[in-house]
Amino acid sequence: QVQLVESGGGLVQAGGSLRLSCAASGTIFRIDAMGWYRQAPGEQRELVSTITRSGRTNYADNVKGRFTISRDNAKNTVSLQMNSLKPEDTAVYYCTAEHWSVMGRSADYWGQGTQVTVSS
């Protein structure tokens, strides 16, 4: 089993910055893709950004140029630097990781979520 724990959420004014972090723990063999999703009240969960083990990144159009994802493979962590935050970025942010077991089986794991609130 793999556990993901997010940290770094909070309340910030529009135009401000926050940095989210996520640490994976447990019985880890290999983590490939990691990423962040978010879910605003009454909305579906949506992709924010992903990063492969080799460092290839992908961003939703509405965060490109403002958010930066990074990871540390040795520490099994992923971070999301969020700049120029807007009220519409308000949501619960979830960390996700694709884990491969020693038996060659893949499973996606999710964190419990961290609240980000951007005031206008």
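Me: Why does Arg-38 count as buried?
Reply: Arg-38 has a relative accessibility of 4%. Buried means under 20% relative accessible area, exposed means over 50%, and partly exposed is anything in between, using a 1.4 Å probe and protein chains only. At 4%, Arg-38 is under the buried cut-off, so buried is the word for it.

Me: Before we go on, what kind of model is this?
Reply: It's a predicted one, where local features need pLDDT of at least 70 and side-chain atom pairs count only at pLDDT 80 or more, while totals for chains, interfaces and linings use all residues. Residues are numbered from 1 along each chain as its sequence is written, and side-chain values use heavy atoms, with hydrogens and water left out.

Me: What makes the contact of Glu-46 with Arg-38 a salt bridge?
Reply: Their closest N and O atoms are 2.7 Å apart. A salt bridge needs a side-chain nitrogen of Lys or Arg within 4 Å of a carboxyl oxygen of Asp or Glu, so 2.7 Å passes. Glu-46 itself is partly exposed, with 32% relative accessibility.

Me: And how do you know that Asp-89 forms a salt bridge with Arg-38?
Reply: By the same rule: the closest N and O atoms of Asp-89 and Arg-38 are 3.0 Å apart, which is within the 4 Å limit. Asp-89 lies in the loop between β8 and β9 and Arg-38 in strand β4, so this pair ties together parts that are 51 residues apart in sequence. (Strands are DSSP runs of E, at least two residues, and helices are runs of H or I, at least four residues; both are numbered from the N terminus.) Both Asp-89 and Arg-38 are buried.

Me: Which residues are linked in a network of salt bridges?
Reply: Arg-38, Glu-46, Asp-89 and also Arg-66. The structure holds five salt bridges, including one outside those names: Arg-30 and Asp-32 meet at 2.7 Å, N to O. Of that pair, Arg-30 is partly exposed at 37%, and Asp-32 is buried at 18%.

Me: Where is Arg-66, and what makes it buried?
Reply: Arg-66 is in the loop between β6 (57-59) and β7 (67-72). Its relative accessibility is 11%, so it counts as buried. A polar atom of the Arg-66 side chain lies 2.9 Å from the backbone oxygen of Ser-84.

Me: What is the phi of Ser-84?
Reply: It's near 50 degrees, a positive value in a residue other than glycine. Most residues other than glycine have a negative phi. Ser-84 sits in the loop between β8 and β9 (91-100), and at 41% relative accessibility it counts as partly exposed. Asn-76 has a positive phi as well, about 55 degrees, and isn't a glycine either. You'll find Asn-76 in the loop between β7 and β8 (77-82), where it counts as buried at 17%.

Me: How many aromatic pairs are there?
Reply: The count comes to one. Tyr-37 and Trp-110 form that pair, with 5.1 Å centre to centre and 65 degrees between the planes.

Me: Why is the pair of Tyr-37 and Trp-110 called edge-to-face?
Reply: Rings of Phe, Tyr and Trp (its six-membered ring) pair if their centres lie within 6.5 Å; planes under 30 degrees apart are stacked, over 60 edge-to-face, and the rest tilted. With 5.1 Å and 65 degrees, Tyr-37 and Trp-110 meet both conditions, so edge-to-face it is. The pair links distant parts of the chain, with Tyr-37 in strand β4 and Trp-110 in strand β10 (residues 106-110), 73 residues apart. Both rings belong to partly exposed residues: Tyr-37 has 25% and Trp-110 has 39%.

Me: Over which ring does the charged end of Arg-45 sit, 4.8 Å from its centre?
Reply: That's the ring of Trp-110. The charged end of Arg-45 also sits over the ring of Tyr-94, 3.7 Å from its centre. The test is NZ of Lys or CZ of Arg within 6 Å of the ring centre and within 35 degrees of the ring normal.

Me: Last one: why does Phe-29 count as exposed?
Reply: Phe-29 has 52% relative accessibility, and the exposed cut-off is over 50%. Phe-29 lies in the loop between β3 (18-26) and β4 (30-39). In space, Phe-29 is 18 Å from Ile-51, C-alpha to C-alpha, with their positions 22 residues apart in sequence.

Conventions:
A polar contact is a pair of N or O atoms within 3.5 Å; within protein, one must be able to donate a hydrogen and the other to accept it, and residues adjacent in sequence count only if both atoms are side-chain atoms.
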